[in-house]
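Got a minute to go through a model together? Let's ask of each label what earns it.

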Amino acid sequence: MTEYVMSLAGARKAFGANEVLRGVTLEVSPGEVVAIIGPSGGGKSTLLRCATLLETLDGGSLAFGDLTVAHDEAGRTVYAKGDALKAARSRFGLVFQNYNLFPHRTVLQNIADAPRRVQKRDRAEAEREARELIAKMGLAGCEDKVPCQLSGGQQQRVSIARALALHPEVLFFDEPTSALDPELTAEVLRVIKSLAAEHMTMVIVTHEMSFAREVADRVVFLDGGQIVEEGPAEQVIDRPREARTKAFLSRLAD
Amino acid sequence: MSFSVMLTMLTEGFLVSLQIFLFTLLGAVPLGVAVALARMSRIAPVRWIVRVYISIMRGTPLMLQMFAIYFAPYYVFGIQLTPDSKWQATIVAFIVNYAAYFAEIYRSGLQSIPRGQIEAAEVLGYARAQTFCYIVLPQVVKRILPAMGNEIITLVKDTSLAFSIGVAEMFSTAKALVASQVSMVPFAIAAAFYWVFNFLVEIVLGAVEKRLDYYHD
């Protein structure tokens with residue numbers, strides 16, 4: 001159990017009569033990069049939202065390393081107490097499709113505030129590390145700008161830095177480039193690739209197939225709330241076995 | 001009676017109006033936050049009670065509310081009214097009335113903050129109170145400023161309603177002077193007071209707005 005950074009088992013989630021997740025099991029090893037692909041409405045975003053505690057599971061279990069967040073009792077998910085959830089939140093980070101930066105705070109504040117307020121780290125130390133992350137994201141000079149002064153690609157890089165500042169063990173990305181044009185997409189993907197090279201554990205929901213093939217150790221194809229096919233990136237994307245995967249990939253190629 | 005004597009009397013009245021204005025803001029600005037949060041409470045009966053309260057405060061004249069609050073202690077509880085009662089009733093009525101309006105303005109601001117930002121804060125591990133204080137509230141202030149400006153300026157003029165219950169604020173003084181001096185000049189002076197004061201309010205609001213202009217969403 002403890003060898004996985006994150007393990008989600010038998011995840012079920014319904015919104016009313018609409019079953020969005022129908023028994024999904026996803027285990028992520030340290031340093032692994034997992035890409036989740038699939039059609040809209042297939043459950044990709046809901047999967048990430050359940051893994052990041054933004055939604056609650058109906059059934060199944062969820063753990064981050066040795067920390068059990070939710071376990072299954074006779075087919076119903078039972079969540080741990082608030083303290084455990086709080087501890088779990090410090091183990092993962094999430095990068096949103098529309099960045100969701102705090103518009104009234106500067107780039108530096110956006111990144112350094114949570115380490116200070118949530119992790120109670122020293123202000124000078126938090127800001128020093130934030131500056132390092134800003135430089136690493138290629139945003140040197142933007143420290144005192146506010147998000148509205150930045151391009152979409154820059155904003156997304158700030159939001160990656162904001163998540164990294166809390167030292168997560170796993171970073172989730174929910175279609176990080178869907179709101180960006182191709183040029184800006186490239187700069188964000190470059191940053192994610194450099195994180196992969198540093199063996200950052202990541203789970204990435206994406207529509208960028210060439211990127212998934214290049215960066216992911218494993219590709220998961222999710223459709224109809226179930227994992228239809230998973231395996232090494234080249235295998236799933238270039239030589240899919242399942243008919244639904246083939247159909248999805250050929251639709252993208254058109 | 002000389003102009004300067006009238007001016008002195010009206011200035012004294014204006015200081016009373018100013019007190020109504022300041023006490024109302026001091027009470028209604030924070031009370032409105034509590035009312036707005038209760039209006040959006042997850043507990044349905046709390047929501048209903050607050051909806052009824054807001055509906056009555058907005059749906060009946062402030063003048064009647066002052067009378068109701070002034071006479072209620074006597075008719076409901078048999079408490080003897082004192083000379084201070086009028087003043088106390090005026091302040092209480094203004095605060096509970098304005099808190100209802102402020103609450104609805106706050107609610108519009110609170111509900112306009114994108115859900116995604118609150119989710120981002122949640123994932124980053126902020127406690128609910130931290131999210132409210134550091135992320136939601138500062139943005140709400142900027143968004144509600146124009147609407148609050150309207151209410152604050154209305155409040156300056158509404159202080160004249162205290163005249164109806166017999167509080168000697170500026171409008172009461174002006175009306176008494178108009179009658180005794182058979183002159184419209186006291187009304188003109190009072191109008192100038194209201195307008196100049198509101199002009200200052202506009203300058204302050206403008207400065208705050210400018211200060212918050214460093215970002216947009």
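What follows is a short round of questions on this predicted model.

Q: Why is the contact of Arg49(A) and Glu119(B) called a salt bridge?
A: The side chains meet at 2.7 Å, N to O. The cut-off is 4 Å between a side-chain nitrogen of Lys or Arg and a carboxyl oxygen of Asp or Glu, so the pair qualifies. The count between chain A and chain B is two salt bridges, alongside ten residue pairs in polar contact.

Q: What makes strand 2 and strand 6 of chain A edge strands?
A: Each pairs on one side only. The open sheet has five strands in the order 2-1-4-5-6, with antiparallel pairing.

Q: How do you know that strand 1 and strand 4 of chain A pair?
A: Five bridges join them, and they run antiparallel. Pairing takes at least two bridges, so they pass. Within these strands, Arg12(A) stands opposite Gly59(A).

Q: What makes helix 1 of chain A a helix that packs on the sheet?
A: Helix 1 (residues 44-51) touches strand 1, strand 2 and strand 4 of chain A. Touching here is a matter of heavy atoms within 4.5 Å, so that is the test it meets. The direction of helix 1 makes about 60 degrees with that of strand 2.

Q: Which three residues supply the most of the area that chain A buries against chain B?
A: Chain A and chain B bury about 2,000 Å² between them, 64% of it on carbon and sulfur atoms. Phe102(A), Pro103(A) and His104(A) supply 30% of chain A's buried area, more than any other three residues.

Definitions and conventions:
Residues numbered from 1 in each chain as written. Chains lettered and ligands numbered in written order. Predicted model: local features only at pLDDT ≥ 70, side-chain atom pairs only at ≥ 80, totals over all residues. Heavy atoms only, no water. Buried area = accessible area lost by both parts, 1.4 Å probe. Polar contact = N/O pair within 3.5 Å; in protein donor to acceptor, adjacent residues only side chain to side chain. Helix = DSSP H or I, 4+ residues; strand = E, 2+ residues; numbered from the N terminus. Axes fitted to C-alpha atoms, helices over the stretch in contact; angles between N-to-C directions.
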